[in-house]
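Reader: I am new to this structure and would like to understand the reasoning behind the words used for it. Could you take me through it with care?

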Amino acid sequence: MWAGRAQASLRVWALWPARVAGRRPLSCSTASQTRSNAPRCWNCGGAGPGGPRRGDVFFCPHCRVLQPPDPTRDYFSLMDCTRSFKVDTMKLQQRYQQLQRLVHPDFFSQRSQTEKEFSEKHATLVNEAYKTLLAPLSRGLYLLKLRGIVIPEGTDGELEKQFLMEIMEINEKLAEAQNEAAVNDIESIVSVKQKECISTASRAFEQDDFEKAKEMLTKLKYFSNIEEKIKLKKIPL
C-alpha cells in the first residue's frame, strides 16, 4: 500500500510546473502582501478571495455588510453585458431589476448610515448604467469614451454639407407641419435614418473602425434631437 502511495506522489510531483527561468516563486511574504493589497471590508476588515468587492459580491462575505461601489468597474461589467454595441435589452432589463432588488435604498432603511449612503451610490450607478446601455446612442458614446474618444460639441464641420442640408430640410418641414399626419410622416423618415445610422455604427464597432462609428453616432445625435422635437410637437397645447 505504501509503495502505491509513493508512486502516486511521484506522478503528481512530475506534473508540478517546473520553475520558470527569470521568475521568482511566490513566497509566503509575497502572497501575504498580495492579500493585504486586496480591498477589505470597511466594517470588519475581512477580505475574501480578491477582496469583498470582487465580481458580483456587493456584500462582505464575512459580516454581510454592503460595500462601496467598485470604482474600477465599467457599466458593461456592472450590468453583466459583453462590451459591445450590440446588447440584449431583455437581459439588460432583467439585470437592472436584479440589482435594484439587491441595492435599492428602500432595503437599507434600518441599516447603518454608511450602508444607506453606499446603497444610494449603488442605486445611482445602476440607474446610470442601465440608462446608458439601453439606448444605442448613449451606449455607443460610452463605448467610444472607454476607448478615450469623445465627440465634442460643435463638430458640424466634420460632417458633409449634404447631410447638414438634409437636417435643415427636415427641421424646416417639422416647423411647418400643421397636422398630425405631416408630423407622423417626418417621424417615419427620421426613424428610418436612425436605424441606418445604428446599423452602420454596429458594423463599424465590430470592425474596430472607431472613426466611422464616431461619424455615425454624430449623425445619430442630430436625428435624436429631431426625435425630441417631434415628441414636443405632438404634445397638445
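**How the words are earned**

Author: Let us begin with serine 202, which lies in helix 8, bearing in mind that what we are looking at is a predicted model.

Reader: Why is serine 202 called buried?

Author: The word buried applies under 20% relative accessible area, and serine 202 has a relative accessibility of 10%, so it counts as buried. Leaving out residues up to four places away in sequence, serine 202 touches Phe85 and Lys86.

Reader: What makes those two residues contacts of serine 202?

Author: Contact means heavy atoms within 4.5 Å, and Phe85 and Lys86 are the residues that serine 202 touches by that rule once residues up to four places away in sequence are not counted. Phe85 is also one of the residues touched by phenylalanine 205, and among the others are Gly140, Leu143 and Leu217, again without residues up to four places away in sequence.

Reader: How do you know what kind of secondary structure the chain has?

Author: The secondary structure comes to nine helices and zero strands, and the pattern read along the sequence is α-α-α-α-α-α-α-α-α. Of the 237 residues of the chain, 32% count as buried.

Reader: What makes the largest nonpolar core a core, and which residues have the most contacts inside it?

Author: A nonpolar core is a set of buried residues of kinds such as Leu, Met and Phe, joined through side-chain atoms within 4.5 Å. The largest one here has 47 residues, and those with the most contacts inside it are Met79, Phe205, Leu217, Phe223 and Ile226. At least two residues of this core come from each of helix 3, helix 4, helix 5, helix 6, helix 7, helix 8 and helix 9, and the largest share, nine residues, is supplied by helix 9. As a general matter, nonpolar side chains in soluble globular proteins tend to be buried together.

Reader: Is leucine 137, in helix 6, buried or exposed, and why?

Author: The limit for buried is under 20%; leucine 137 has a relative accessible area of 18%, and therefore it is buried. Not counting residues up to four places away in sequence, leucine 137 touches Leu217, Leu220, Lys221 and Ser224. Leucine 137 and methionine 216 are 79 residues apart in sequence, and their C-alpha atoms are 9.5 Å apart in space.

Reader: Which other residues of helix 6 are buried, and what covers them?

Author: Besides Leu137, the buried residues of helix 6 are Arg139, Gly140, Tyr142, Leu143 and Leu144. Their cover includes helix 3, helix 4, helix 5, helix 8 and helix 9. Helix 6 is followed by glycine 148, which has a positive phi, near 80°.

Reader: Why is glutamate 115 called buried?

Author: Glutamate 115 has a relative accessibility of 4%, and because buried means under 20%, it counts as buried. Glutamate 115 is part of helix 5, where the other buried residues include Phe118, His122 and Tyr130. The buried residues of helix 5 pack against helix 3, helix 4 and helix 6.

Reader: What makes the pair of glutamate 115 and arginine 111 a polar contact?

Author: A polar contact needs a pair of N or O atoms within 3.5 Å, one able to donate a hydrogen and the other to accept it; the side chains of glutamate 115 and arginine 111 make such a contact at 3.0 Å. Leaving aside neighbours within four places in sequence, glutamate 115 is also in contact with Trp42, Val65, Leu66 and Phe108.

Reader: How do you know how the span of helix 5 stands against what is expected?

Author: Helix 5 has 22 residues and reaches 32 Å from its first C-alpha to its last, close to the 32 Å expected at 1.5 Å a residue.

Reader: Why is there no bond between the sulfurs of cysteine 41 and cysteine 63?

Author: A disulfide asks for two cysteine sulfur atoms within 2.5 Å, and the sulfur of cysteine 41 is 3.6 Å from that of cysteine 63, the closest cysteine sulfur, so the two are too far apart for a bond. A search of the whole structure finds zero disulfides. Cysteine 41 counts as buried because its relative accessibility is 5%, and cysteine 197 is likewise buried, with a relative accessible area of 5%.

Conventions
Residues are numbered from 1 along each chain as its sequence is written. This is a predicted model: local features need pLDDT of at least 70, side-chain atom pairs count only at pLDDT 80 or more; totals for chains, interfaces and linings use all residues. Side-chain values use heavy atoms; hydrogens and water are left out. Helices (H or I, at least four residues) and strands (E, at least two) are DSSP runs, numbered from the N terminus. Buried means under 20% relative accessible area, exposed over 50%, partly exposed in between (1.4 Å probe, protein chains only). The expected span of a helix is 1.5 Å times one less than its number of residues.
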